[in-house]
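Thanks, everyone. I'll keep this short: helices, then sheets, then a quick look at another chain.

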Amino acid sequence: MKSIIAKLKLWLVVAVVATLQNAHAKPVEPSPVMLKGEIQLKSLTSIAFSKEGVLFLADPLGMKIYALDEKRTTAGPVEQLEVTNIDEKIAALLGVSTKDIKIEDMAVNPTSHDVYLAVTRRGASLQPAIARVDSKGNISAFNLNNVSYYETSLADIPAKSPHQYFPLSSAITDMAFIDGELYVAGLSGDEFNSKLRRFQYPFTNKTQAIQLEIFHPSHDRFETNAPIETFLPFPVNGKMHILAGYGCAPLAKFQLSDVQSKDQLRGVTVAELGGGNRPLDMISFKDGNVDYMLIANSDRTLMQISSEDLDKQTGVVKGDTRVPPYASVGVKYLSIAEVGILQLDDFNDQSYLVVQRNVDDGTLNLRSKGKLKPSTFRVRGLVEELRLAGKLKQAEDEIVKYEPTGDRRSTSVMWYNLACSYALGNDTNNAFKYLDKALVLGYNERGQYENDPDLVSLKGDKRWKELSTRLK
Amino acid sequence: MKYSVIAMVMLACSVFDAEGQLSPRMNVVDGVVYVIGLGGSTGTNNVSNFSLRPGVDGSVKSDISSEKWEDIFSVYTEEAYVRNLNQPVAGTYALTSDGVSFTPLYSFSDATNYHVIFSSSGFLRNTGDSRVLPPADRMHFEFHVPRKNVSRTFVEFVYPESDVLPENMLRMYICFSGPMMPGEVYKHIRLVNSRGEQIEKTFLIIDQELWDSSRKRFTLLFDPGRIKRGLKANLEMGSPLREGEQYSLMIDSSWTDVNGNHLQRNVVKQFRVAESERSRLSVDNIKLFAPAADTRGPLVIRFDQVLDQMLALKYLTVSDVLGNAINGELTLERDKILKFTPYLPWESGKYFVRVDPLLEDVAGNNFNNSFDIDLEQTNRLNRREAVLLEVFVEPAAR
């Protein structure tokens with residue numbers, strides 16, 4: 001044993017001396033340099049996209065973050081996506097059995113709507129991999145063998161350490177690209193601390209680590225130690241904030257301008273999402289002037305919180321409340337009947353995308369799901385009421401009002417229903433006029449048109465033939 | 001790497017053997033799958049229009065593009081094949097002098113079966129041959145990748161090494177002789193008291209698991225919620241460790257290393273629990289023992305608290321009066337005694353031991369703050385300037 005220890009130490013000393021010499025030999029690069037070749041990941045725990053389609057890869061074991069341009073154009077927006085047994089298919093693609101893969105993270109490329117899944121492949125060797133799902137549900141391996149990329153280091157190695165140095169163990173829990181900068185939440189195992197780091201992009205050597213403090217309601221005290229599990233930029237009272245979800249399970253807000261200017265910051269805890277739970281992923285979407293956030297949880301349903309409710313919410317503070325075990329307090333949320341969501345990301349205007357464990361049969365599936373937009377529900381209810389009451393002009397006015405900010409799918413369905421009302425009233429001209437609007441917005445399922453009894457009166461018209469060619 | 005071919009089953013390959021001119025064979029060598037006997041540059045074949053031509057650059061060319069090969073010839077995992085998932089293994093195709101090869105993007109996995117399907121109809125279709133084929137026109141080939149014969153990994157150290165540890169211990173390290181498979185840590189470690197009862201909810205579960213980059217050192221954290229006084233978990237469940245009690249950290253040998261092998265043996269780390277350590281580290285409690293000049297004897301720095309082994313080695317350095325770092329080797333003994341042995345003999349004179357204030361003891365206390373700080377009652381200190389300790393090496397007696 002002794003000789004092994006001695007060898008190990010000697011090896012470490014040699015390795016460190018070599019590393020340090022290397023570090024000194026290379027001048028510090030002042031501007032970002034694009035690298036070409038293979039990205040050799042040691043681990044991959046978190047991935048994220050910028051709006052422009054830059055893909056960020058977090059490798060906490062390799063202490064690196066990589067960025068590559070994945071901007072792609074596609075024919076048009078993808079409405080829906082479903083891949084059943086996604087874990088089995090990814091495992092088959094990577095050449096191992098299902099038990100040998102773990103899906104670490106998911107991100108949707110906003111430019112192509114392709115879905116990227118970060119996977120750890122066990123088996124002959126341990127390898128991080130990326131599987132990409134296209135709009136048709138085809139899965140391919142995203143090859144990092146020959147790419148152009150930027151990289152930056154996460155290491156905070158002491159500048160001069162003349163003896164052996166043991167690298168830190170650390171975890172990266174989430175990343176987000178906000179205003180031209182990459183924000184990285186992580187936890188270091190050696191100094192037990194939760195930190196948020198900021199990186200300029202393209203990467204320079206400038207980074208900033210912010211020590212965040214929060215009031216932890218179920219611990220009833222302020223602390224810095226709870227790890228941020230997931231976070232996202234979100235407006236509160238007109239100012240951009242970072243909303244951070246912690247393990248066990250406070251939700252806290254930090255004003256973005258403070259995060260950008262301070263080293264240490266105390267956030268405002270706006271909710272306790274209930275002990276024994278971990279928030280897994282968060283996304284946001286807009287409905288009119290109101291922003292909504294969705295939170296996927298390890299031990300709770302999907303939660304939806306509006307910016308209006310967050311605007312009103314004062315901080316949960318010490319003594320303010322005695323939180324019963326596992327109860328939630330603070331900001332109001334809508335509990336959406338979805339469980340088992342392990343990965344969550346925004347997909348398109350109408351839907352979000354999940355990797356979800358089916359509680360009935362245990363399968364793991366990738367699926368898009370419609371966003372619950374209160375304004376859409378209000379308008380759809382109102383339009384339906386007017387339509388059934390025969391007030392078709394008023395119904396049209398409501399749809400016209402809704403269309404500029406509403407989602408395509410809902411608008412197209414409302415145009416289609418309005419056309420049905422005209423068809424039932426034998427107003428063929430108006431019926432074709434509104435069916436055209438529905439088709440333009442992509443509502444084109446052949447079965448629906450051909451089997452809908454409301455449209456029977458149109459089928460003798462020569463315009464039906466033309467319409468029929470536009471169905472799918 | 002040797003692959004054993006389990007079975008090679010030909011399913012009605014009548015199209016190829018009509019004249020005996022073309023009979024493709026499959027093989028797997030060094031992790032690459034080959035289909036050979038497809039005609040090739042010299043081969044004559046009267047059943048298809050397929051030909052392979054040497055390119056100007058020495059490569060081989062054919063009329064079948066690499067994307068099309070995936071429709072003709074695919075490799076499947078056992079699971080994908082049996083469950084008919086229609087999802088082939090990712091990889092690249094290349095032409096050989098007499099056929100085509102497939103190299104997987106990620107090397108084939110140990111102790112696993114793979115299936116190769118070669119579609120003769122797909123092949124003929126892509127070569128422009130229009131003959132009608134029987135429905136079963138696929139060749140199936142199965143191979144097995146044996147388990148690597150490597151020595152099994154074992155636990156080399158568990159830190160802290162002491163057998164008496166404070167009740168509010170925050171962190172332990174488990175160091176292995178080789179890289180481990182992540183994702184199963186918490187199934188294989190248990191804390192058991194002297195009556196053999198398992199202590200529940202002891203550790204802080206971090207999904208990603210805290211490994212160093214070699215995956216040989218695991219950082220085990222005790223749940224800080226249970227350690228910090230007054231926190232709900234602490235009030236309800238108490239500290240996971242109780243003063244005066246004897247505990248065993250049980251490390252189960254069914255933990256797998258990166259090769260998929262179990263550990264060589266179970267490991268039990270026994271310790272007795274002493275009272276909590278809730279004070280900051282302080283220079284007043286450090287004793288220095290100077291070495292003799294002209295020797296490479298160690299400079300000894302003795303703490304009175306059980307130190308965090310990794311941070312101690314990271315955060316302590318020795319320099320001369322001008323601030324130049326002295327090169328040497330630092331070791332920690334019995335969790336409290338740091339020994340610095342220079343590579344070159346000491347010269348007489350004054351030296352500084354520099355300690356980063358973020359050095360922690362095993363309970364997470366550092367020079368700035370105790371771990372159990374309540375931020376409402378105490379301001380958190382954030383000093384980064386090194387704690388300096390002076391030591392004088394006396395001239396050697398002549």
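Start with a pair of helices in chain A. α7(A) and α8(A) are roughly antiparallel to each other, because their axes cross at roughly 165°, and an angle over 145 degrees counts as roughly antiparallel. Before I go on, note that this is a predicted model.

Now the details of that pair. Helix α7 of chain A covers residues 408-424, and helix α8 of chain A covers residues 428-440. The two axes come within 8 Å. The crossing of α7(A) past α8(A) is left-handed.

Which residues of α7(A) meet α8(A)? On the α7(A) side, look for A:S412, A:W415, A:Y416, A:L418, A:A419, A:Y422 and A:A423. On the α8(A) side, they meet A:N430, A:A431, A:Y434, A:L435, A:K437 and A:A438. By class, the α7(A)–α8(A) contact has 10 nonpolar residues, 2 polar and 1 charged.

Stay with α7(A), and bring in another helix. Helix α5 of chain A spans residues 374-388. Its axis and that of α7(A) come within 11 Å, crossing at roughly 5°. That angle is why α5(A) is roughly parallel to α7(A). From α5(A), the contact takes A:T376, A:R380, A:V383 and A:R387. From α7(A), it takes A:S410, A:M414, A:N417, A:L418 and A:S421. How does this contact of α5(A) with α7(A) divide by class? The count is 3 nonpolar, 4 polar and 2 charged residues. One residue to click on is A:L418: it is listed in the contact with α8(A), and it is listed in the contact with α5(A).

On to the sheets. In chain A, 5 strands form an open sheet. What is the strand order? Read it as β1-β10-β4-β3-β2, with antiparallel pairing. The edges are β1 (35-37) and β2 (46-49) of chain A, and each of these pairs on one side only. From one strand to the next, the twist averages 30°.

Look at strand β10 of chain A, residues 147-153. Towards β1(A), β10(A) is joined by 3 bridges, and the two strands run antiparallel. Two positions fix the register. A:L35 has A:Y149 of β10(A) as its bridge partner. A:G37 stands opposite A:V147 in β10(A). Then take strand β4 of chain A, residues 64-69. β4(A) pairs with β10(A) over 4 bridges, again in the antiparallel sense. Here A:A67 is opposite A:Y150 of β10(A).

There is another open sheet in chain A, made of 4 strands. Its order is β21-β22-β23-β25, and the pairing is antiparallel. Which strands sit at the edges? They are β21 (279-287) and β25 (334-336) of chain A, each pairing on one side only. Ignoring direction, neighbouring strands in this sheet are turned by 25° against each other on average. At the β25(A) edge, strand β23 of chain A, residues 302-306, joins β25(A) through 3 bridges, running antiparallel. For a register check there, A:M303 stands opposite A:S335 in β25(A).

Last, chain B. It has 398 residues, and 39% of them count as buried. Chain B holds 8 helices and 24 strands. Take its contacts between residues at least 6 apart in sequence: 67% of them join residues at least 24 apart.

Key. Residues are numbered from 1 along each chain as its sequence is written. Chains are lettered from A and ligands numbered from 1 in the order in which they are written. This is a predicted model: local features need pLDDT of at least 70, side-chain atom pairs count only at pLDDT 80 or more; totals for chains, interfaces and linings use all residues. Axes are lines fitted to C-alpha atoms, for helices over the stretch in contact, and angles run from 0 to 180 degrees between N-to-C directions. Angles under 35 degrees count as roughly parallel, over 145 as roughly antiparallel, 65 to 115 as roughly perpendicular and the rest as oblique. A crossing is left-handed if the near helix is turned anticlockwise from the far one by less than a right angle, and right-handed if clockwise. Two residues are in contact if their C-beta atoms, placed from the backbone, lie within 7 Å. Ala, Val, Leu, Ile, Met, Phe, Trp, Tyr, Cys and Pro count as nonpolar, Asp, Glu, Lys and Arg as charged, and the others, Gly among them, as polar. Two strands pair if DSSP finds at least two bridges between them. A residue is buried if 20 or more other C-beta atoms lie within 10 Å of its own, exposed if 12 or fewer, and partly exposed in between; C-beta atoms are placed from the backbone.
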